[in-house]
Amino acid sequence: MGRIIVFCRLFLLIVIAYAIAACNLPLQPPPTTKPSPAPTATAESHWQTIYEGLQWRRLLPHGDELAQLIVVRVDPREHRFRAIYRAGQAESLASWRALEPDASVIINANFFDTNDVALGLVVSDGAASGSAYRDRGGTFLIRNGEPAIVTYRSQNLQNSEGIEQAVQGFPLLVENGRQAYFAAGSGERTRRTIIGIDKHGNVLIMVAPFLGLSLADLSAYLPGTDLEIDTAFNLDGGGSTMIALPVADYFQPSLDPAPIILAVYPRATG
C-alpha cells in the first residue's frame, strides 16, 4: 500500500510540473499574412480589399441566404483579363487552377454544347472562335487593353481589330443602369455567373453559388443595389458556375467541367 501511495504522489507531482511548464510556454505569434476572411453568409457585407484593385463582398437579395451573390470588383488599371478556351476539353475548377496558377480570379464563361464547344464568340489572345450572337445578350471584351461590354443592341463585332479577349453570354440583365430582362412567370432559380461594368469602369464579377434568383428577378434586383452597375449580362450558370479567389481562400467548384473560363491576373505578372 505504501508503494502505491508513493507512486500516486510522484504521478501527481509530474502532472503539476507539466501544467506549470505549459503555463509558462510563450504563445505562438499570429501568422504575418492571412487571406481576407470570407464575408459572413448570414449578412450582407461591405467591400473587403483582397489586395490593390481587387475587392469582394456578399449580397443577400431580399434577405434570402440561398440567393446570395458573391461580388468581386476588379480595377482594370491593376489587373488584366484573359479568356481561355480548350475546345472539346472541359476542365474542373481544380484543373483550371493548376493550368493558371497566377490567376487572381477564375470564373466560367460562355455557354457550350455537349461536345464542349463554345457557343457564341470567344477571343483568346487575339484568336477568335465561334460565331458571335447578333440577337441576344452581350459581349465582354478587351480592346487595346481596355475592358468594355457591348450589347446585342449596340454591338458591332464585324470589326474585330484590336480585340484581344472576348466572351459572350445572355440574356442582358442591366443596360444603362436599368433592368433589361423581363419575362413572364417566376422563372427558374439556379446558380448564376454574371459579368458587368460599373459607372466608374470597374469590372464586376458576380456568382450565385447556391440557389440564386430567376433571371428576371436578378435583372430587377441588380439596378437597385449600390453596385452602380452600368451594364451586365448572364454567363453560363447552373452546373457550370465556378469561381476561384485563391488569395481570399474562397472556391466554389462547378458541378460540371467547363471548357471556357475568364481569368484575372495582377498586371505585375505580365
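What follows is a conversation between two colleagues about how the features of a predicted model earn their labels.

Colleague: Let's start wide. How many helices and strands does the protein have?

Modeller: There are three helices and 18 strands. Buried residues make up 48% of its 270 residues.

Colleague: What makes the contact between R189 and D64 a salt bridge?

Modeller: The closest N and O atoms of R189 and D64 are 2.7 Å apart. The cut-off is 4 Å between a side-chain nitrogen of Lys or Arg and a carboxyl oxygen of Asp or Glu, so the pair qualifies. A search of the whole structure finds seven such bridges.

Colleague: Why do you say that R189 and D64 tie parts of the protein together?

Modeller: R189 sits in the loop between strand 12 (178-179) and strand 13 (192-198), while D64 sits in the loop between strand 2 (54-59) and strand 3 (69-74), so the bridge joins parts 125 residues apart in sequence.

Colleague: Are R189 and D64 buried or partly exposed?

Modeller: Partly exposed means between 20% and 50% relative accessible area. R189 has 33%, so it counts as partly exposed, and D64, with 22%, is partly exposed too.

Colleague: How do you know that E91 and R86 form a salt bridge, and is E91 buried or exposed?

Modeller: Their side chains meet at 3.1 Å, N to O, and the limit is 4 Å. E91 has a relative accessible area of 11%, which is under 20%, so E91 is buried. Its partner R86 is partly exposed at 27%.

Colleague: And what about R136 and D135?

Modeller: The closest N and O atoms of R136 and D135 are 3.2 Å apart, so this pair also meets the 4 Å rule. R136 is partly exposed, with a relative accessible area of 35%. Elsewhere, salt bridges that share partners join R82, E100 and D125 into one network.

Colleague: D125 caught my eye for its backbone. What is notable about its phi?

Modeller: D125 has a positive phi of about 55° although it is not a glycine. Most residues other than glycine have a negative phi. D125 is found in the loop between strand 6 (122-124) and strand 7 (127-129), and it is partly exposed at 48%. E228 likewise has a positive phi, near 55°, and its place is in the loop between helix 3 (215-221) and strand 15.

Colleague: Now the sheet. Why are strand 4 and strand 17 called edge strands?

Modeller: The open sheet has five strands in the order 4-18-5-16-17, with antiparallel pairing. Strand 4 (79-85) and strand 17 (250-252) each pair on one side only. From one strand to the next, the twist averages 15°.

Colleague: How do you know that strand 5 and strand 18 pair?

Modeller: Pairing takes at least two bridges, and strand 5 (residues 105-108) and strand 18 (residues 260-266) have four, in the antiparallel sense, so they count as paired. One example is I106, whose bridge partner in strand 18 is A263.

Colleague: What makes F81 and F140 an edge-to-face pair?

Modeller: Their ring centres lie 5.4 Å apart, which is within 6.5 Å, so they pair; their planes stand 70° apart, over the 60 degrees needed for edge-to-face. F81 lies in strand 4 and F140 in strand 8 (residues 138-143), so the pair ties together parts 59 residues apart in sequence. Both F81 and F140 are buried.

Colleague: Why is R80 said to sit over the ring of Y265?

Modeller: The charged end of R80 sits 4.4 Å from the centre of that ring, and the distance limit is 6 Å, alongside an angle limit of 35 degrees from the ring normal. R57 sits over the ring of W47 in the same sense, 5.1 Å from its centre.

Colleague: One last spot: what is N234 in contact with, and why is it called buried?

Modeller: N234, in strand 15 (residues 229-234), has 4% relative accessibility, which is under 20%, so it is buried. Leaving aside neighbours within four places in sequence, its contacts include F111, F170 and P171. Ring pairs link F111, Y133 and F170 into a cluster, and a cis peptide bond, with omega about 0°, joins F170 and P171. Most peptide bonds are trans.

Methods
Residues numbered from 1 in each chain as written. Predicted model: local features only at pLDDT ≥ 70, side-chain atom pairs only at ≥ 80, totals over all residues. Heavy atoms only, no water. Buried < 20%, exposed > 50% of the residue type's maximum accessible area, 1.4 Å probe, protein only. Axes fitted to C-alpha atoms, helices over the stretch in contact; angles between N-to-C directions. Phe/Tyr/Trp six-rings, centres within 6.5 Å; stacked < 30°, edge-to-face > 60°. Contact = heavy atoms within 4.5 Å.
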